[in-house]
Amino acid sequence: MTIVSQHSTAVALKNVTRAFGHRTVLDRASLTIHRGELFGLLGPSGSGKTTLIKIMAGIDRADAGEVHMLGVPMPKLEMLHRFGYMAQSDALYMELTGRQNMAFFGKLYGLRRSALNRRIEETAALVDLAEHLGNPVAAYSGGMKRRLSLAIALLHEPEILVLDEPTVGIDPVLRQSIWQELHVLSRNGTTIIVTTHVMDEAEQCDRLGLIREGRFIATDTPAGILQHTGAASIEEAFITLSQRTEGGARA
Ligand SMILES: Nc1ncnc2c1ncn2[C@@H]1O[C@H](COP(=O)(O)OP(=O)(O)OP(=O)(O)O)[C@@H](O)[C@H]1O
């Protein structure tokens with residue numbers, strides 16, 4: 001084990017800023033996520049969640065600020081095999097079967113044949129796709145494509161999983177089993193960063209980062225956020241915190 005992998009901080013962001021043209025999408029966002037944490041990013045559409053996790057995964061680059069993943073400054077190509085990234089839109093080969101897609105990405109991650117075959121079976125079972133692996137992805141429903149993308153992100157047992165709305169289009173029963181698996185992975189040391197719009201998913205995270213207009217308005221456990229705001233739900237807490245931030249900005 002290297003010194004880097006003993007680092008207890010998985011994600012360290014300091015004053016991360018990102019603009020597209022004149023629009024500042026991330027505005028000095030700072031955040032620390034510990035190894036093994038299941039961390040939820042919550043915020044309205046357009047608040048900067050996807051931009052932030054793309055920067056964490058090394059797919060995009062901050063204009064200013066510092067990004068360290070597992071102690072390594074990002075972006076860094078060599079880090080990619082240590083991450084599992086599931087984008088919001090599925091990056092799959094439609095003409096290939098589910099199994100062929102998994103094999104393609106598994107080889108990219110450097111998995112050898114026996115490990116690859118074992119992991120294809122394990123992750124396909126996890127997302128309930130085992131019976132469909134022989135079919136071309138073009139014939140999959142939207143939810144099946146999401147499930148395949150999730151299985152691919154898990155293939156190489158990454159140290160950090162970065163999931164952008166992983167359960168959109170997935171039925172409630174399977175959604176629950178996927179979340180159970182996320183808990184198991186995190187208990188076993190995988191750091192998981194997940195964006196969500198679903199409040200009951202947010203409540204299952206160890207900690208939440210509430211993001212609004214590219215800035216964190218709160219970072220705490222779900223219970224801590226409720227206690228701090230006196231709100232009955234995370235949704236209500238978000239509104240309360242947004243109003244406080246607006247009031248603070250006007251004052
Ligand atoms: N490559 C890009 N070029 C220009 N604008 C961009 C680019 N990527 C993101 N944006 C803009 O940045 C803002 C934040 O986008 P982002 O996808 O990070 O939000 P989000 O919080 O993930 O939203 P959602 O929940 O809808 O996915 C949006 O206004 C979006 O249009």
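1. Let's start at the ligand, bearing in mind that this is a predicted model. Sorted by class, the shell around the ligand comes out as 2 nonpolar, 8 polar and 1 charged residues. The names to look for are F20, V25, G43, S45, G46, S47, G48, K49, T50, T51 and Q88. Glycine is counted with the polar residues here, so keep that in mind when you read the tally of 8 polar residues.

2. Which helix gives the most to that shell? Helix α2, spanning residues 49-57, does, with 3 residues.

3. Now for the open sheet, which has 4 strands. Going across, the order is β2-β1-β4-β5, and the pairing is antiparallel. β2 (23-34) and β5 sit at the edges with a single partner strand each, so one side of each has no neighbour in the sheet.

4. Inside that sheet, strand β1 (residues 9-20) runs antiparallel to strand β4 (residues 64-69), and the two are joined over 5 bridges. If you want one pair to click on, try K14, whose bridge partner in β4 is E66.

5. On to the next pair. β4 also pairs with strand β5 (residues 72-73), again in the antiparallel sense, over 2 bridges. Here M69 is opposite V72 in β5, and H68 is opposite P73 in β5.

6. The turn deserves a look too. β4 and β5 make a hairpin with 2 residues between them. L70, in that turn, has a positive phi of about 50°.

7. A word on the annotation: UniProt, in an unreviewed entry, puts the feature "domain: ABC transporter" at residues 11-238. In the model, that span is 35% helix and 27% strand, and its end C-alpha atoms are 23 Å apart.

8. Stepping back to the whole protein chain, you'll find 9 helices and 10 strands. The C-alpha atoms fill a box of roughly 60 × 40 × 35 Å along the principal axes. How does the radius of gyration fit a compact globule, and what would be expected? For 251 residues such a globule would come out near 18 Å, and the protein chain has 18 Å, so the two agree.

9. Last, burial and contacts. Of the 251 residues in the protein chain, 37% count as buried. Taking contacts between residues at least 6 apart in sequence, 66% join residues at least 24 apart.

Notes: Residues numbered from 1 in each chain as written. Predicted model: local features only at pLDDT ≥ 70, side-chain atom pairs only at ≥ 80, totals over all residues. Pairing = 2+ DSSP bridges. Near = placed C-beta within 6 Å. UniProt positions renumbered as here; feature names shortened; annotations may be inferred. Rg over C-alpha atoms; globule rule 2.2 N^0.38 Å. Buried ≥ 20, exposed ≤ 12 C-beta atoms within 10 Å, placed from the backbone. Contact = placed C-beta atoms within 7 Å.
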